[in-house]
Amino acid sequence: MENLFPFISSMKSYDRAKLTKDLAAGLVVGVMLIPQGMAYAMIAGLPPVFGLYAAIFPSLIYTFLGSSRHVSVGPVAMDSLILFAGISAVAAVGSDQYIAMAVAITTIVGLIQLTMGLLRMGFLANFLSKPVILGFTFAAAVLISIKQIKYLIKVEADASNIFRELAFYFTHFHEIHLSTFLLSVVSIVVLFFGKKIFPRIPMSLLVVLLGTLSSFLFDFEQLGIELVGGMPSGFPVFDIPDWEVLPVRQLLPLIFTLALMGFVEVYSIGQRLQSKHKGEYEIDPNRELIGIGAGNIVGSFFKSFPTTAGFSRSAVNEASGAQTGLAALVSVLVVIMTLLFLMPAFYYLPQALLGAIIFVAILGLIDYRLTKKLWKNDKYDFAMLLSSFAGTLILGIEWGIGVGILLSLVVLIYKTSTPHMAVLGRIEGTSYFRNLNRYDTAIDDPKVSILRFDARLFFANIGSLKSKMDELVSIKPQLEKIILDAQSISDIDSSGMEGLEDLISILKDNQITFHMANIIGPVRDKLFISGLADKIGLENIHDSIADALMDHTTNTKLAYQTNIK
């Protein structure tokens with residue numbers, strides 16, 4: 001049962017102290033969920049109350065099936081924007097058709113995630129490198145912030161893409177609604193600096209409470225400030241989504257993007273928080289897929305849109321002392337109580353406040369320090385970040401994740417096809433051999449070249465080894481012997497062995513002998529079973545580079561030992 005429901009194992013040795021911490025953390029996160037949920041529903045182009053619907057069943061289901069004890073599942077800014085970007089192209093925002101599509105998509109997203117989890121496809125997370133995710137996230141942050149401007153200044157942009165939309169705001173800034181703009185600025189200042197001065201106070205809730213109260217007392221509606229207005233009270237009613245309304249082919253990129261991004265977010269956030277609790281529990285990517293997928297499926301029958309783990313809520317949950325998933329259940333209870341008894345109070349909530357909450361929240365998505373670190377330490381990763389960022393902005397957020405996956409695969413292929421190789425020389429007065437480019441005291445013998453190949457030798461990089469060998473032959477006219485140091489070759493495939501055989505023939509034609517040293521067991525087995533060891537010559541297979549340099553055979557025969565009988 002524990003394998004099916006990880007929640008059970010977390011409840012072992014549960015005591016009153018843990019209950020107190022779970023209750024406190026659950027209340028804090030539940031309070032955060034209310035304004036955040038409504039704000040993120042607005043990003044998705046849905047009525048604000050849908051953000052509260054999305055905070056119930058996905059979180060409940062994940063709590064029992066997911067592997068993390070600290071993530072807070074519910075609506076998030078990035079997935080909401082992805083949803084908006086996709087559906088707004090085929091349906092009028094806020095229409096019945098638009099809402100039906102959002103709910104129906106949630107079911108399919110959940111089914112994809114659940115299927116991936118059952119098929120143990122969690123390893124796919126490894127194909128999205130962190131720089132790619134960062135670039136995508138930064139672009140999403142820019143897109144989200146631009147989309148909030150219309151709520152902050154009460155000017156609707158007439159533009160076909162994000163660049164024209166931004167230009168529209170600059171050229172129509174004189175049309176801003178002053179009262180809305182002033183309310184937005186005050187809210188942003190309070191949210192930004194209040195969080196720094198009073199980190200323990202949920203500033204978003206404070207802004208919502210003060211703003212709603214002020215709106216009621218000073219009649220903001222008469223000032224022209226747009227309010228959220230009436231929202232339905234009560235628990236979401238069970239309803240079967242209308243899947244026939246979906247143009248599946250047209251929305252397929254959107255659906256797969258949501259499924260993959262939802263998984264990446266819950267898995268990466270779960271890993272980050274679990275690192276603070278090593279030894280207490282482990283994050284299983286397949287369990288995360290099952291938990292988040294099942295949550296989205298069940299949620300879609302109660303008017304939820306796609307959900308995943310929210311970083312800010314999850315961080316607050318962990319920092320508030322959450323011990324188990326019971327904290328998430330408390331948060332859900334807070335949302336349910338709000339839906340049942342407090343919804344009439346939100347009539348007076350200004351939309352500008354929700355826009356301000358989103359605007360400040362997305363600032364936390366941009367990690368300036370890590371970007372600077374990548375620029376300084378790894379230009380490849382920095383280029384991937386920029387490419388993912390630009391691809392998302394130019395092609396759109398629904399295609400951005402595809403650009404990221406493609407970039408990750410291209411870089412992976414490039415790095416595996418051009419592995420690190422080092423030409424070695426003996427350190428003077430020792431039996432150590434080191435990279436000639438790094439050690440000035442390493443001696444390079446004009447008659448011998450020693451090459452260390454630091455990768456698995458297979459079809460994608462055998463060409464690189466051949467090119468390097470050709471280079472060594474061309475720069476040393478007196479070359480008589482090439483030694484391949486194989487200590488870093490972890491495996492060799494048929495293409496690698498065929499390539500080695502070609503090399504041996506080419507070197508032999510040039511009166512150069514080929515030697516191998518430090519071959520690990522699994523590779524040695526393959527060389528012997530394929531017969532390639534005989535073509536290399538047993539006398540040319542050595543225990544060490546020093547042995548290979550000897551003019552006479554001094555092998556201890558360890559180099560010949562193999563499991564192949």
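A residue counts as exposed when its relative accessible area is over 50%, as buried when that area is under 20%, and as partly exposed in between. With those cut-offs in hand, Glu-156 is easy to place: at a relative accessible area of 57%, Glu-156 is exposed because that value lies over 50%. The model behind these values is a predicted one.

Taken as a whole, the protein chain has 565 residues, and 53% of them are buried. Its secondary structure adds up to 23 helices and nine strands. The C-alpha trace spans about 100 × 60 × 50 Å along its principal axes.

Back to Glu-156, which pairs up with Lys-150 in a salt bridge, with 3.8 Å between the closest N and O atoms. Its partner Lys-150 is partly exposed, since its relative accessibility is 22%. Side chains of opposite charge can pair when their charged atoms come close. In this model the count of salt bridges is ten.

Another of these joins Asp-502 to Lys-466, where the closest N and O atoms are 3.5 Å apart. Asp-502 sits in helix α20 (residues 494-509) and Lys-466 in helix α19 (residues 462-475), so this pair ties together parts 36 residues apart in sequence. Both ends get some cover: Asp-502 is partly exposed at 33% relative accessible area, and Lys-466 is partly exposed at 28%.

Then there is Lys-526, which forms a salt bridge with Asp-491 at 2.9 Å between the closest N and O atoms. Here helix α21 (residues 521-530), home to Lys-526, is linked to the loop between β7 (481-485) and α20, where Asp-491 lies 35 residues away. Salt bridges with shared partners bring Arg-456 into the picture as well, giving one network of Arg-456, Asp-491 and Lys-526. Lys-526 itself is partly exposed, with a relative accessibility of 31%.

Turning to the inside, the model holds two cavities of 30 Å³ or more. The largest has a volume of about 60 Å³, and Lys-150 turns up again in its lining, along with Tyr-151, Lys-154, Thr-180, Ile-225, Glu-226, Gln-351 and Ala-352. Helices α7 (130-153) and α15 (351-361) are the elements that give two or more residues to this lining. By class, the lining is a mix of three nonpolar, two polar and three charged residues.

The second largest cavity, at about 50 Å³, has no charged residues in its lining, just six nonpolar and four polar ones. Among the lining residues are Val-29, Leu-33, Ser-59, Asn-317 and Ser-331. Both α2 and α14 (326-341) supply at least two residues, with α14 giving the largest share, three residues. Helix α2 (residues 16-43) is also where Leu-23 sits. Leu-23 is partly exposed because its relative accessibility is 38%. Its C-alpha atom is 9.4 Å from that of Gly-321, although the two residues are 298 apart along the chain.

On the outside, a nonpolar surface patch of about 860 Å² is built from residues including Val-185, Phe-192, Phe-193, Phe-198, Leu-206 and Leu-363. The elements that contribute two or more residues to the patch are α9 (178-197) and α10 (203-218), and α9 gives the most, five residues. Phe-198 belongs to the loop between α9 and α10. Phe-198 counts as partly exposed because its relative accessibility is 45%.

Methods. Residues are numbered from 1 along each chain as its sequence is written. This is a predicted model: local features need pLDDT of at least 70, side-chain atom pairs count only at pLDDT 80 or more; totals for chains, interfaces and linings use all residues. Side-chain values use heavy atoms; hydrogens and water are left out. Helices (H or I, at least four residues) and strands (E, at least two) are DSSP runs, numbered from the N terminus. Buried means under 20% relative accessible area, exposed over 50%, partly exposed in between (1.4 Å probe, protein chains only). On a 1 Å grid over the protein atoms alone, a cavity is a set of points where a 1.4 Å probe fits but cannot get out, and a pocket is an open set with protein on both sides within 12 Å along at least five of seven lines; lining residues have an atom within 4 Å of a point. Grid points are joined across faces, edges and corners, and a volume is the space filled by probe spheres set on the points. Ala, Val, Leu, Ile, Met, Phe, Trp, Tyr, Cys and Pro count as nonpolar, Asp, Glu, Lys and Arg as charged, and the others, Gly among them, as polar. Patches are made of residues with over 30% relative accessible area and no salt bridge: like charges are joined within 9 Å, nonpolar side chains (Val, Leu, Ile, Met, Phe, Trp, Tyr) within 5 Å. Accessible areas come from the Shrake-Rupley method with a 1.4 Å probe; for residues, only the protein chains shown count as cover. A salt bridge is a side-chain nitrogen of Lys or Arg within 4 Å of a carboxyl oxygen of Asp or Glu.
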